[in-house]
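Trainee: I should like to go through this entry by asking how each description is justified.
Mentor: Please do, and let each answer rest on the value and its criterion.

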Amino acid sequence: MTALPGQAPQKSIRGLTPSAANGQTLALRGAILSFGHRLDSDSPQFQTFTDLAGHRSGLLFIPDGIVYIVDGLIAWVLPADEAVAQLPVDCPVHRYQDRLIMPGFVDTHTHFPQLEVIGRMGHTLLDWLENYTFPAEARFSDLSHAQRAAQVFLQELSRHGVTTASVFATVHPESADAFFKIAQASRLRMICGKVLMDTNCPKNLCDGSDHGMAQTESLISRWHGRDRLRYSLTPRFAPTSSPEQMRAVGALLQDHPGLHLQSHLAETRQELDWVARLYPHHPSYLDVYQHFGHLGRGTIMGHCIYLSDGDRRVMADTQTAIAFCPSSNLFLGSGLFDLQSALQAGISVGLASDVGGGTSPSMLKTMLDAYKVLKLRDQTLSPEYAFYLATLGGARALGLESVIGSLEAGKEADLIVVNPEATPLLAHRAAASESLSDLLSALITLGDERCIEACYIQGQPVMAQALGT
Ligand SMILES: [Zn+2]
């Protein structure tokens, strides 16, 4: 067996360095858990787990450990009996008995304006967009509406323990401005972009004659690299961008290689047929994005259900990542993602809620839906690998693994405290757990935001009212 893909040093995203907060030291004490570590340690604190393609990876588990944080960055992680002697005497210690301290969750694909259409039933993707999503997104030309929605969305992310996300705004620059402004105040590490659409969409959601480029460049100059914020070029999907807009996006990405790019790819068969009619000279849907220069490290495509082996090779060769969106795929009846083939091809995959096609911002619920989708493909997702996908796996898919995703020295201290006894049923089930793996299974199956007891951003606790506790 080999190590997980992505563990070898890769070219990092340009301009990305850990972001340090001002200030103090802090220690968190509890059961320490972190996924996807290198296999070069023979420490008893490391266990191994395996993904669906047979790649092995390390899991750090310290039943009673301390994470020591200086200036918002993790300084070290040690068993409590070794750590106590090294802690400065004036360092405050937040103690979490019988709780798991782990990296914050990473949601690699979500839409903040769609929180208000979660659970609108009865349609498949293209009808759902037309009947529910586009009318909801049209309201985001109003800055105050966008600000209220961004506030609620970011608060929900904190409550659910999601500390990093790659987020679609709407076509209106106001929506991205509102999101970035509130995200900056929240100190969450966020990637976002104004949606680009200039064809096959309602007139009030259509980019102008310059294909949205002036607004996009203006947003990049205002927000990309500011504090913990990063910009993602966001063509909704190939059918709603003209060839001219697709070309302009590719050119912008070449001019700004540190930018991200997010879009949708091969979500439903109906969409595939539409793309084949719009771009008849391209051998595949993926080829349209490749032709216009959209693929590469820093690009992440949502869904990717209907890919050929050739498509997967191209994605792996270009280091283009996939956002696996299981609850959305189940809710809209889109199809079953083939994780094993993606991993065998060497593609970096992260987990995603895809709110509001997805049914919850909870990464625990998303893990459970991932498990069910894969079971229907005769693939068994281990609980350890599910948590990896929702933490370091997501960070790798977004090109952020040098700064977030695991509890390692030098990384930003975005941490969550998880209570495996948050409900009477969970407590009953947790008490019967036979192993760490079994406890993680119980959390995935029965857990939700009530399990997120605390959330720390750059080593500072998110206020209790934001968590709703
Ligand atoms: Zn989406």
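**Strand pairing, burial and the core**

Mentor: In this predicted model, leucine 415 has tyrosine 456 of β16 as its bridge partner.

Trainee: What makes β15 and β16 a pair of strands?

Mentor: Two strands pair if there are at least two bridges between them. Strand β15 (residues 415-418) and β16 are joined by four bridges and run antiparallel, so the criterion of at least two is met.

Trainee: How do you know that β16 is largely enclosed by the rest of the structure?

Mentor: Strand β16 covers residues 452-457, and five of its six residues are buried, so the surrounding structure largely encloses it.

Trainee: Which strand forms a hairpin with β16, and what is found in the turn?

Mentor: The hairpin partner is β17, with two residues between the strands. β16 and β17 (residues 460-461) pair in the antiparallel sense over two bridges, and isoleucine 457 stands opposite glutamine 460. In the turn, glutamine 458 has a positive phi of about 45°.

Trainee: Why is the protein chain called as compact as a globular protein of its length?

Mentor: The chain contains 17 helices and 17 strands. Its radius of gyration is 21 Å, close to the 23 Å that the globule rule gives for 469 residues, so the chain is as compact as a globular protein of that length. Along the principal axes, the C-alpha atoms fill a box of roughly 65 × 45 × 40 Å. Buried residues make up 54% of the 469 residues. Of the contacts with a separation of 6 or more, 76% are between residues 24 or more positions apart.

Trainee: How do you know that the largest nonpolar core lies between two domains?

Mentor: That core has 138 residues, among which Val67, Ile101, Phe179, Phe324 and Val349 touch the most other members. Domain 1 (25-104 + 407-467) and domain 2 (105-397) both give residues to the core, so it lies between them. A second, separate core has five residues, including Leu125, Tyr132, Phe331 and Leu332. As a general matter, nonpolar side chains in soluble globular proteins tend to be buried together.

Trainee: Which residues are in contact with valine 67, leaving aside its neighbours within four places in sequence?

Mentor: Valine 67 is in contact with Ala27, Leu28, Ile32, Ile74, Val77, Ile101, Leu407 and Leu415.

Trainee: What puts the buried residues of α9 on the same side of the helix?

Mentor: In helix α9 (residues 309-317), the buried residues are Asp311, Arg312, Val314 and Met315. They cover an arc of only 160° around the axis, which puts them on the same side of α9. Asp309, Gly310 and Asp317 are exposed on the other side. The buried residues pack against α8 (285-291) and α11 (339-345). Just after α9, glutamine 319 takes a positive phi of about 60°.

Trainee: Why is alanine 138 called partly exposed?

Mentor: Alanine 138 has 16 other C-beta atoms within 10 Å. A residue is buried at 20 or more and exposed at 12 or fewer, so a count in between is called partly exposed. Alanine 138 is found in helix α2 (residues 125-138). Not counting residues up to four places away in sequence, alanine 138 touches Asn204 and Leu205. The C-alpha atoms of alanine 138 and proline 202 are separated by 9.1 Å, although these residues are 64 residues apart along the chain.

Trainee: Is aspartate 378 buried or exposed, and where does this residue lie?

Mentor: Aspartate 378 is exposed, because 7 other C-beta atoms lie within 10 Å and the cut-off for exposure is 12 or fewer. This aspartate lies in the loop between α12 and α13 (383-389) and has a positive phi of about 60° although it is not a glycine.

Trainee: What makes aspartate 71 partly exposed?

Mentor: Aspartate 71 has 15 other C-beta atoms within 10 Å, and is therefore partly exposed. Its place is in the loop between β3 (56-70) and β4 (73-79). Phi of aspartate 71 is near 50°, a positive value in a residue other than glycine.

Trainee: Which residues does a cis peptide bond join?

Mentor: The cis peptide bond joins valine 355 and glycine 356, with omega about 5°. Glycine 356 lies in the loop between β14 (349-351) and α12 (363-375).

How values were computed. Residues numbered from 1 in each chain as written. Predicted model: local features only at pLDDT ≥ 70, side-chain atom pairs only at ≥ 80, totals over all residues. Arc of directions from axis to C-beta. Contact = placed C-beta atoms within 7 Å. Rg over C-alpha atoms; globule rule 2.2 N^0.38 Å. Core = buried A, V, L, I, M, F, W, Y, C linked by C-beta atoms within 7 Å. Domains from an automatic or database assignment.
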